[in-house]
Amino acid sequence: MSPGAALARIRLNPHSRAVQRDLHNPNEMHRTLMRLVPDGLGDSPRQAAGLLYRLDVTDTFSQLLVQAAVLDPTRLPDDYGQADVKDLTPMLNALQKGLTVHYRIVVNPVKTERLPLENKGQRGKRIALTGPDADQWWARRAHEAGLHLITALPTPLAAAHGRGDNAAVRHHLVRYDGTATVTDPDALAQAVLGGIGRAKSYGAGLLSLARAAA
C-alpha cells in the first residue's frame, strides 16, 4: 500500500485580491498554499509536507491542484475559491504494470553546465532546455518514474520568477499532456508523491494520472 496523499482542486475566485496577488507572484502563491499543511514541519516544510501544486488555466476559469500528505483547505483566505479534496491512496494502489494512463505535468527542464577540469568541485549554472531537448528530458524523467510515454504534447508556459541567494531567478516551465504505459508501479507512486524535477515551489513537478479508457 502506498503512503497516503490528498489532492485539492481549488476553482479560483478571479475577484479575490488574494488570488490576483498570488497569480502574479509565485512566492506569494507558495506562501498561501503552505497555510494548508500542518505547522512545525522543520527546516524544509514544503518537502516534509509533500506539498506540490499546479495551476491549470482554461478560457473560462483557473484551477489550482494542490497535493500534500495532509491538507486543510479551510485555512485558505476568505473568498479564495471553492476547494474539493479527495484521497489519492485508491488511485496509487490501483497502479499496475501495463496500465495505460493519461497524464499531465508541468516541469522545469534544465541541465547543469559542465565545467572544465580546473573548476572541479564547482557547480555550473543551470541551463533551460527547450524544444526537442526538453522533450528528451521529459522522456528520460518519465522512464525513471515508471512511465513509458506513448504521446507527449508540450505547451510552453510563462516563466515563474522568484528569488534565490539574493538574486532574481527565472524558472522555465513546460506542460506535458499525453498517454503512457505504467512500467514500474512503485516508482510511479513515489514520483506522484514526491514530484518530478526542480522548481516545485513554483508550480512544477505535480504529476496527474487518470486511467485511459479501454
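Modeller: Quick ground rule: two strands pair if DSSP finds at least two bridges between them, and strands are DSSP runs of E, at least two residues, numbered from the N terminus, as are helices (H or I, at least four residues). This is a predicted model, where local features need pLDDT of at least 70, side-chain atom pairs count only at pLDDT 80 or more, and totals for chains, interfaces and linings use all residues. Residues are numbered from 1 along each chain as its sequence is written, and side-chain values use heavy atoms, with hydrogens and water left out.

Biologist: Over how many bridges do β2 and β3 pair?

Modeller: β3 covers residues 62–68, and its pairing with β2 is antiparallel. Within it, Y53 stands opposite V66 in β3. The count for β2 and β3 is 6 bridges.

Biologist: Which strands are at the edges of that open sheet?

Modeller: The sheet has 4 strands, antiparallel, in the order β2-β3-β1-β4. An edge strand here pairs on one side only, which leaves β2 (52–57) and β4 (81–87).

Biologist: Which element gives the largest share of the largest nonpolar core?

Modeller: A nonpolar core is a set of buried (under 20% relative accessible area, 1.4 Å probe, protein chains only) Ala, Val, Leu, Ile, Met, Phe, Trp, Tyr and Cys residues joined through side-chain atoms within 4.5 Å. The largest one has 33 residues, with Y103, W138 and L207 among those with the most contacts inside it. Elements supplying at least two residues each include β5 (100–107), α5 (131–144) and α6 (185–194). The largest share, 5 residues, comes from α6.

How values were computed
Buried < 20%, exposed > 50% of the residue type's maximum accessible area, 1.4 Å probe, protein only.
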